[in-house]
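Me: I am new to this structure and would like a close look at one part of it. Please take me through it step by step, then show me what lies elsewhere.

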Amino acid sequence: MNSYYISRRSFMKSLIASGAAALLPSKLEAGSPAKHPNIVLIYADDLGYGDVGCYGAAKVETPNIDRLASAAVRFTNAHSSAATCTPSRYAMLTGEYAWRKKGTGVLPGDARLIIQPPRTTLPLILQRAGYATGVVGKWHLGLGGRDLDWNGEIKPGPLDIGFDYCFLIPATGDRVPCVYVENRRVVGLDQSDPISVSFGKPIGDEPTGKEHPELLKMKPSHGHNQTIINGISRIGYMSGGKAARWVDEDMADTITDKAKAFLEKNRNHPFFLYFATHDIHVPRVPHPRFAGKSGLGPRGDAIVQLDWCVGEILKTLDRLKLTEDTIVIFTSDNGPVVDDGYKDQAVEKLNGHKPSGPLRGGKYSAFDAGTRVPCIVRWPNRINAGTSDALISQIDFMASFAALTGQKLAPQDAPDSFDVLGALLDHTKTGRDHLVEQAGVLSLIKGDWKYIEPGRGPKVSAATGIELGRDTKPQLYNLKTDLAEEHNLAAEHPEITEELALMLKNIRNSKRTRK
Ligand code: NG6
Ligand code: CA
């Protein structure tokens, strides 16, 4: 069995290798065996670069996230791997760019698990290092195999790829099935009312949003007009499982309680908690105690609720006296969207709030707001607070935490994950030198330059109003002088454009970028 502790020597070695040795406090240098730090990864959904106070939001208050940032490294150039959920999460948990693997786009609610055991994953790396590992919240990476039965044992799932515990929103809040899965079972299922789910033909005899809009408490603006659950019509059809269905208004409380219980239970072990919030994804239906609190409508209220969730986690760590031993990371799976398919007044009540901050685009976009997201990393007493402009990606967590725990990745593991532990823990260090971003088309960031490959399709999404960053011609931006990507310099700098296009082609044709 793996020990919960590593020798001081191997811990020192891993930190020296990552350039972080200088950050060790004297306590460790002199001390007995070093204990791995706990890791809590709080993963918000659709939260934009400009959506929180410490990244410049002035119209909505996020005191808990700001408190976290005040004692942390706050990254200004940190990225999710993709501008949508599933590929970002796939890349973060496997260390492989999702565009290398078919079937990793936004998944329906009945998709099979897309990370196949016995693959080495982020949680598996930490499990091997003796961590207790848990995931609570949005999953959206598929569950089960071909014969998935929501009424039986749901397998394979997170427990088969490195997590010891899971409590899941299986796909998204706006997709059926609208039930929680704990470990291998739907929570609260009455076997006499079995669940069926369909993303094709209608099933069951329950009303849909399309046929019965009068039954809805929140109406769709695009899609989202199939089975009505809790007064909200969803993507997909569902019948049965009535006793097990979630209440959207209670979702943040439910998952935060489960996350806190995991921390409490594992207080005496090193632990890794991946807490993937539903907020601020649609449908935005915060608990009544948050309704109206932001003045920006349900989207702003969902930010206030998200901030509360973060506060609860921080308070729990304080109460358990674990704050100093815990790395807390707060980030988001993709950029922001205002109208994402429900008429929730997000557009009307924006009140000058800029979800993308100074960036162009948003969720789904190849412009930087698609993937450049808030990213805050705190480890009290081990790292100095500050701001870092190092280029890092969530895909790097795997190689970085392997280094943190003194592990060597096998050549086939985490093919695109770089060890950026030095940058994660010290705002004076540089990160990776290049990064591929995914948003329908691929982009390549190298140094100050960003190349967006040519691609077909609309420039602006008719549904969300977001500029998608697509052009049939190549695009080249200098992010240092033109963060808002307003001046396409491809014609002015054909040599840089060609160099980056070739580099992207080579990356695409190779199987890996990690050396
Ligand atoms: C889109 C949905 C959107 C959201 C997204 C996935 C419509 C019109 N839009 O297809 O509401 O669910 O998928 O979001 O159905 S993500 O954050 O999980 O990637
Ligand atoms: Ca998302």
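Which side chain makes a polar contact of 2.9 Å with the side chain of Lys450? Please look closely at that spot.

Reply: The model is predicted. The partner is Glu485: its side chain and that of Lys450 make a polar contact at 2.9 Å.

Start with Lys450. Its place is strand E19, which covers residues 449–452. Lys450 has a relative accessible area of 0%. The cut-off for buried is under 20%, so Lys450 counts as buried. Its side chain has another polar contact, with the side chain of Glu437, at 3.3 Å. Lys450 is therefore a buried residue whose side chain has polar contacts with Glu485 and with Glu437.

Now list what Lys450 touches, leaving aside neighbours within four places in sequence. Ala366, Phe367 and Asp368 are among its contacts. So are Glu437, Ser443, Leu444 and Ile445. Gln475, Leu476, Tyr477, Leu479 and Glu485 complete the list. For a sense of scale, take Leu322. Lys450 and Leu322 are 128 residues apart in sequence. In space, their C-alpha atoms are 40 Å apart.

Turn to the other side of the pair. Glu485 sits in a loop. That loop runs between strand E20 (475–478) and helix H10 (494–509). Is Glu485 buried or exposed? Its relative accessible area is 0%, so Glu485 is buried. Again setting aside residues up to four places away in sequence, Glu485 touches Arg360, Ala366, Phe367 and Asp368. It also touches Lys450, Ile452, Tyr477 and Leu479. Compare the lists. Ala366, Phe367, Asp368, Tyr477 and Leu479 are in contact with Lys450 and also with Glu485.

One of those residues leads on to a wider picture. The largest nonpolar core has 116 residues. Trp139, Val186, Phe272, Tyr274, Phe275, Phe330 and Ile376 touch the most other members. Helix H7 (residues 297–319) gives the largest share of this core, 9 residues. Apart from it lies another core, of 21 residues. Leu479 belongs to that other core, as do Trp99, Val436 and Tyr451, among others.

Ile376 shows what the 116-residue core looks like from one member. Beyond its neighbours within four places in sequence, it has contacts with Cys54, Tyr55, Ile65, Leu68, Ala69 and Ala72. Val73, Arg74, Val328, Ile329 and Phe330 are in contact with Ile376 too.

Next, Ala346. It is in the loop between strand E13 (326–332) and strand E14 (375–378). Its relative accessibility is 3%, so Ala346 counts as buried. Outside four places in sequence, it is in contact with Arg284, Arg299 and Val338. Ala346 and Ile229 are 117 residues apart in sequence, and 21 Å apart from C-alpha to C-alpha.

Last, ligand 1. There are 19 residues around it, and Cys85, Asp174, Arg175, Asp340 and Lys363 come nearest. By class, its shell holds 5 nonpolar, 7 polar and 7 charged residues. Histidine side chains also come up here. A polar side-chain atom of His281 is 3.0 Å from a ligand oxygen. For His224, a side-chain N or O atom is 3.1 Å from an oxygen of ligand 1. For His140, that distance is 3.4 Å. Taken alone, ligand 1 exposes 450 Å², and the protein buries 84% of that.

Conventions:
Residues numbered from 1 in each chain as written. Chains lettered and ligands numbered in written order. Predicted model: local features only at pLDDT ≥ 70, side-chain atom pairs only at ≥ 80, totals over all residues. Heavy atoms only, no water. Core = buried A, V, L, I, M, F, W, Y, C linked by side-chain atoms within 4.5 Å. Buried < 20%, exposed > 50% of the residue type's maximum accessible area, 1.4 Å probe, protein only. Helix = DSSP H or I, 4+ residues; strand = E, 2+ residues; numbered from the N terminus. Contact = heavy atoms within 4.5 Å. Near = heavy atom within 4 Å. Polar contact = N/O pair within 3.5 Å; in protein donor to acceptor, adjacent residues only side chain to side chain. Areas by Shrake-Rupley, 256 points an atom, 1.4 Å probe, with all protein chains shown as cover. Nonpolar A, V, L, I, M, F, W, Y, C, P; charged D, E, K, R; others polar.
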